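This briefing is for a reader who is new to the structure shown below. It takes up surface charge, overall layout, one helix, salt bridges and one tyrosine in turn.

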Amino acid sequence: MAVLIPRTSEELKYKTNVDHSNRLLWWATDRCASRYVHSVLHKAGAMFAYNDSIGQFNHGYSCEEDCEEYTIVCQTRHPAARLLSHYYLAIFDREDHVNFSWGKGNFVEWEEFFYNHLKDDVEDTDVGFELLTPVNEFYRECKDRCSWWREPDLLIRAEYLKEDLRKMVDLFPTLNFDLTEVKSYLHTEKQDSGYSSKNMFKKKPLMEYYTPSMLLELYESDIWHDDYILHNWGPTPESKY
């Protein structure tokens, strides 16, 4: 199983996932099927610069020095689906304090968790967990920190994993992809895998958590709207879960 290296780890040689042999920069956005996709990339032969035999990755964004000609691949997911997934990560944290505990302050229920993510002056303790960072914030931080910048060459959408991973087959002929078992999040059977919280927490369909007005508020939010524009999402999620 893939091992996640926190993006703040000081031991990282690189602040993102760099595969020099395949000239690949992979931005593994959290809550966007990154663990699932890493397993596909690792089996295909991708080996990121700090990997060991288990296979490791991090959620960092960076345009690394001497990688200007590399292909940038970025994980993405509809913001509403990503935020709900993050809420279930918080639930998982509360269920397993020994092996996985990022809890901060008192746990809040879904609606409060959602509305706190629309505010500018919210702390981690206000949602009982670390706040979910919009993708546009990762982009801005990367632009400010790195000596060069460009937007990703390819987006891997959780809702369309298989379709988008097929594009990587042409971009990276040196990798040996097997997409036979890959399922996109748009198809509900993907949600039955060990990478999903659907079965563990009896997760209900997305639209049982959101009202149409909540979806519109998230879409029109100053904090989140750029994520929709960057990756061409509409207000309504395209997957059931």
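**Negative surface patch**

Glu109, Glu112, Asp120, Asp121, Glu123, Asp126 and Asp222 form a negative patch on the surface. The model is a predicted one.

- Within this patch, which includes Asp126, aspartate 126 sits in the loop that runs between helix 3 (110–116) and helix 4 (135–145).
- Aspartate 126 has a relative accessibility of 32%, so it counts as partly exposed.

**Overall layout**

- The protein chain contains seven helices and six strands.
- Along the sequence, these elements of the protein chain follow the pattern β-β-β-α-β-β-α-α-α-β-α-α-α.
- The protein chain has 241 residues, and 52% of them count as buried.
- Of the contacts in the protein chain between residues at least 6 apart in sequence, 71% join residues at least 24 apart.
- The protein chain has an accessible surface of about 11800 Å², and carbon and sulfur atoms account for 47% of that surface.

**Helix 1**

- Helix 1 covers residues 34–44, and because eight of its eleven residues are buried, the rest of the structure largely encloses it.
- Ser34, Tyr36, Val37, His38, Ser39, Val40, Leu41 and Ala44 are the buried residues of helix 1.
- These buried residues pack against four strands and one helix: strand 3 (24–27), strand 4 (56–58), strand 5 (71–76), strand 6 (154–157) and helix 5 (161–171).
- Glycine 45, just after helix 1, takes a positive phi of about 115°.

**Salt bridges**

- The count of salt bridges comes to seven.
- One of them joins aspartate 164 to arginine 157, with an N to O distance of 2.8 Å.
- Aspartate 164 is buried, since its relative accessible area is 1% and the limit for buried is under 20%.
- Its partner, arginine 157, has 25% relative accessibility and counts as partly exposed.
- Glu137, Arg140 and Asp226 are joined into one network by salt bridges that share partners.
- Between arginine 140 and glutamate 137 there is a salt bridge in which the closest N and O atoms are 2.7 Å apart.
- Arginine 140 and glutamate 137 lie three residues apart in helix 4, so about one helical turn separates them.
- In general, an α-helix has 3.6 residues a turn, so residues three or four places apart point the same way.
- Arginine 140 is partly exposed at 36% relative accessibility, and glutamate 137 is partly exposed at 37%.
- Another salt bridge links arginine 150 and aspartate 153, where the closest N and O atoms are 2.8 Å apart.
- Arginine 150 is partly exposed, with 25% relative accessible area, and aspartate 153 is partly exposed at 43%.

**Tyrosine 115**

- Tyrosine 115 belongs to helix 3.
- With 26% relative accessibility, tyrosine 115 counts as partly exposed.
- Leaving aside neighbours within four places in sequence, tyrosine 115 is in contact with Met214 and Glu217.
- Twelve residues separate tyrosine 115 and valine 127 in sequence, and their C-alpha atoms are 9.6 Å apart in space.

Terms used:
Residues are numbered from 1 along each chain as its sequence is written. This is a predicted model: local features need pLDDT of at least 70, side-chain atom pairs count only at pLDDT 80 or more; totals for chains, interfaces and linings use all residues. Side-chain values use heavy atoms; hydrogens and water are left out. Buried means under 20% relative accessible area, exposed over 50%, partly exposed in between (1.4 Å probe, protein chains only). Helices (H or I, at least four residues) and strands (E, at least two) are DSSP runs, numbered from the N terminus. Contact means heavy atoms within 4.5 Å. Patches are made of residues with over 30% relative accessible area and no salt bridge: like charges are joined within 9 Å, nonpolar side chains (Val, Leu, Ile, Met, Phe, Trp, Tyr) within 5 Å. Accessible areas come from the Shrake-Rupley method with a 1.4 Å probe; for residues, only the protein chains shown count as cover. A salt bridge is a side-chain nitrogen of Lys or Arg within 4 Å of a carboxyl oxygen of Asp or Glu. Lys and Arg count as positive and Asp and Glu as negative; His and the chain ends are not counted. The place of a charge is taken as NZ of Lys, CZ of Arg, CG of Asp or CD of Glu.
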